[in-house]
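Reader: I am new to this structure. Could you walk me through some of its details, one question at a time?

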Amino acid sequence: MDQPDPSELLTRVIESMDSGEDRPQQRQMVEAVDRAFRTRTHLAVQGPTGVGKSVAYLLPAITSARSHADARTIVVTSSKALQDQLGERDLPFLADALDVPFRFAVLKGRSNYLCQAAVAETRVQLGRGEEQQTLDLGVGWDGDGSVPEVRAPDPMLRVELDRLLEWAGTTPTGELAELADPPSDAAWSALSVGPGECVGASRCGYAAECFSEQARERAGGADIVVVNAHLYAADVQAGGQLLPAHDHLVIDEAHEFEDAMVGALGVSMTGWRIRRLAQVHDRCVADAPTVAMAIGAAADAVDDALEQVFGKVSSDRGSGRLTGELPDVIADALTRADLAVDRAVTSLREVHKAAGNAPMSAAAHRFERAIRNCDGVSDDLHALRDDLHPGQVRWISEGRRGRFALNLTRIDIGPTLRATAWERPVAEDSRDAATDDGDGSGGPTVVMCSATLDPGTAGRLGLRAEYLAVDSPFDFRRHGLLYVPRLPRPNAEAWPDAVVDELVHVIERCGGRTLALFTSHRMLRRTVDAVRDRLPDADVLAQGDAPNRVLQERFLANEHTSLFATASFWTGISSPGTTCSAVVVDKIPFPVPTDPIVEARCDAVGADRAFMEVSVPAAGVQLAQGVGRLIRTATDRGVVAVLDPRLAEARYRARI
Ligand code: SF4
């Protein structure tokens, strides 16, 4: 079949399933995406849970590839887990169910694959004589402070590296996700490269056997390439050098895309990140201790400066925005750090040249990685010291173990995306074949979809997109009940006790089966303690008592269990069936107004419009995500209780 019709393919897919169901909402979305691709019109689709969104955008992508030679679709997911789900489940299923040939590939960032240069270097190091077995490998790429430092001989790390090196000799993909037992950060970072560390295939002596290059090659030959938002952001920053040219771009879980881009397109600096360069340098140049000392002192100065200023600007949420000029004490510390890093680069270049290493030996790679590490820190130091441009926001955050970070990003990412992504040229042959009566931007057709998509999202991302809200396939009127009790408002003294009363009532009436979602850890802890006191025989789990995965498994395994949670459980749990019969939300989840990015967004639209244009839409999306945990299949039933009377009384309730 030369020009398959996606609606016809959907029929075949449904017929191939044991309990396939023809849902008009899914068919509507298939047709809308197909039309968008054919007319090159951007589209934003809100498709509630149960519509079958993945299949609804994948089928038009398949038909587009068949209809126009080389018409490629990039699918951007919000997480690697969703990426793997598409690559390991949905796409293989469609390939089996349809007699339409198409090629697909999953592509991740370089740090997800073994680097053959790093593998070769580690092999050399582990092959030293017994008395020289000092593993100076704890110099990983992860700049967020999560990589443990390893200075001394570490037998455990050595055992782990030996195991990984054995695997490196047999793995077909070299991909981290292949390992059932994930390695430690220290071990993996010794065998992989982080952003900016790769010397590039054209200069690398190991390029022919490089796993990430092979993955990119597979992506280059695929009709559908699945990437995650971080890799997409890296591609935007690299001016489109990382991903193959594409005709269509599908952004899944698009409600998270804006924040993901804002985060990924920013920079962050900690004293730890600077201090780590001393190790990186010493690994290459053993006899220049003053360089490492200068770096260490500069890192201490950055830590001290950030801590000092943080005390003056912080909110109670662990961050403080810096408007206007950078405080002198921070600017001076960054300058000092830049000089120390510069000195390290000079030292590395001198020794690298003097040693006369062949350009692509394992040792040369070590120097290249070290220099690139230093250059990356130096670039970010410069960016952080520059004057703020309109649309930029700079702030200090307090992380784990009291580490402070200086951060910079921009909230108006629309112009950046428009210039670097939306208007990127597509392949000429498929462009000629398409009907170009869209908005004339000249780049790929963008389709955004999510169960909860604010109509303003596309505009903020710099896109003019048609908006389509697909109905839910579930009969909420018959299967769901919304309960908003008459309680005091959340700022009233009596509200916390009223929340406890309501939760006790709901858990008793439902026999457990309750997912309670809180907007703060403090409120969660206070409430769970009180509920456990009142219901000593009830099995009430609370986030923080065990890893999230364990809590989720226990909640899903026993329908008499209740789970009290915050943050990630608003979106990250699916409990079809009778294990979840009540979703209780403590209050409308407005974004924290003192969050630097929220504050900057509010400033950008003006104080009089900030609440309705920033806070209310964000709260609506988050509330819908939380409430969406309840009805996951056509037979699910239950109650949503929102213990915040503003949902029934406030003037903005209709917007939410
Ligand atoms: S091109 Fe070379 S340095 Fe880059 S990831 Fe591949 S093997 Fe490593």
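Reader: Let us begin with Gln-543. Where is Gln-543 found?

Author: A word first: this is a predicted model. Gln-543 belongs to no helix or strand here, but to a loop. That loop is the one between S14 and H21.

Reader: Is Gln-543 buried or exposed?

Author: Its relative accessible area is 11%. The cut-off for buried is under 20%. Gln-543 is therefore buried.

Reader: Which residues does Gln-543 touch, not counting residues up to four places away in sequence?

Author: Leu-524 and Arg-525 are among them. Asn-548 and Leu-551 also touch Gln-543. The rest of the list is Phe-564, Ala-565, Thr-566, Ser-568 and Phe-569.

Reader: Which residue forms a salt bridge with Arg-532?

Author: The closest N and O atoms of the pair are 2.9 Å apart. Arg-532 sits in helix H20, while its partner is in the loop between strand S14 and helix H21, 13 residues apart. The partner is Asp-545.

Reader: Are Arg-532 and Asp-545 buried or partly exposed?

Author: Arg-532 has a relative accessible area of 28%. For Asp-545 the value is 44%. Buried means under 20% and exposed over 50%, so both residues are partly exposed.

Reader: Which residues do salt bridges that share partners join into one network?

Author: Two of the residues are arginines, Arg-460 and Arg-601. The others are Glu-258, Asp-259 and Asp-454.

Reader: How many salt bridges does a search of the whole structure find?

Author: The search covers the whole structure. The count of salt bridges is 35.

Reader: How many residues apart are Arg-103 and Asp-223?

Author: These two form a salt bridge, with the closest N and O atoms 3.1 Å apart. Arg-103 lies in the loop between helix H4 and strand S3, and Asp-223 in the loop between helix H8 and strand S4. The pair links distant parts of the chain, 120 residues apart.

Reader: Which of the two is buried, Arg-103 or Asp-223?

Author: Arg-103 has 46% relative accessibility and counts as partly exposed. The relative accessible area of 7% for Asp-223 falls under 20%, so the buried one is Asp-223.

Reader: Which residue forms a salt bridge with Arg-321?

Author: Arg-321 is in strand S7, and its partner is in helix H22, 282 residues apart. Arg-321 counts as buried, at 18% relative accessibility. The closest N and O atoms are 2.8 Å apart, and the partner is Asp-603.

Reader: What covers the buried residues of H22?

Author: Those buried residues are Pro-596, Ile-597, Val-598, Ala-600, Arg-601 and Cys-602. Strands S7, S8 and S9 are part of the cover. The cover also includes helices H10 and H23.

Reader: What reaches the backbone nitrogen of Ile-597 at the start of H22?

Author: It comes to within 2.9 Å of that nitrogen. It is a side-chain oxygen of Asp-595.

Reader: Which residue follows H22?

Author: Its phi is positive, near 100°. The residue is Gly-606.

Reader: How are H3 and H4 set relative to each other?

Author: Their axes come within 11 Å and cross at roughly 60°. The crossing is right-handed. Contacts include Leu-58 and Ile-62 of H3, and Leu-91 and Leu-94 of H4. At that angle, H3 and H4 are therefore oblique.

How values were computed
Residues numbered from 1 in each chain as written. Predicted model: local features only at pLDDT ≥ 70, side-chain atom pairs only at ≥ 80, totals over all residues. Heavy atoms only, no water. Salt bridge = Lys/Arg side-chain N within 4 Å of Asp/Glu carboxyl O. Helix = DSSP H or I, 4+ residues; strand = E, 2+ residues; numbered from the N terminus. Buried < 20%, exposed > 50% of the residue type's maximum accessible area, 1.4 Å probe, protein only. Contact = heavy atoms within 4.5 Å. Polar contact = N/O pair within 3.5 Å; in protein donor to acceptor, adjacent residues only side chain to side chain. Axes fitted to C-alpha atoms, helices over the stretch in contact; angles between N-to-C directions. Parallel < 35°, antiparallel > 145°, perpendicular 65-115°, else oblique. Left-handed = near helix turned anticlockwise from the far one by under 90°.
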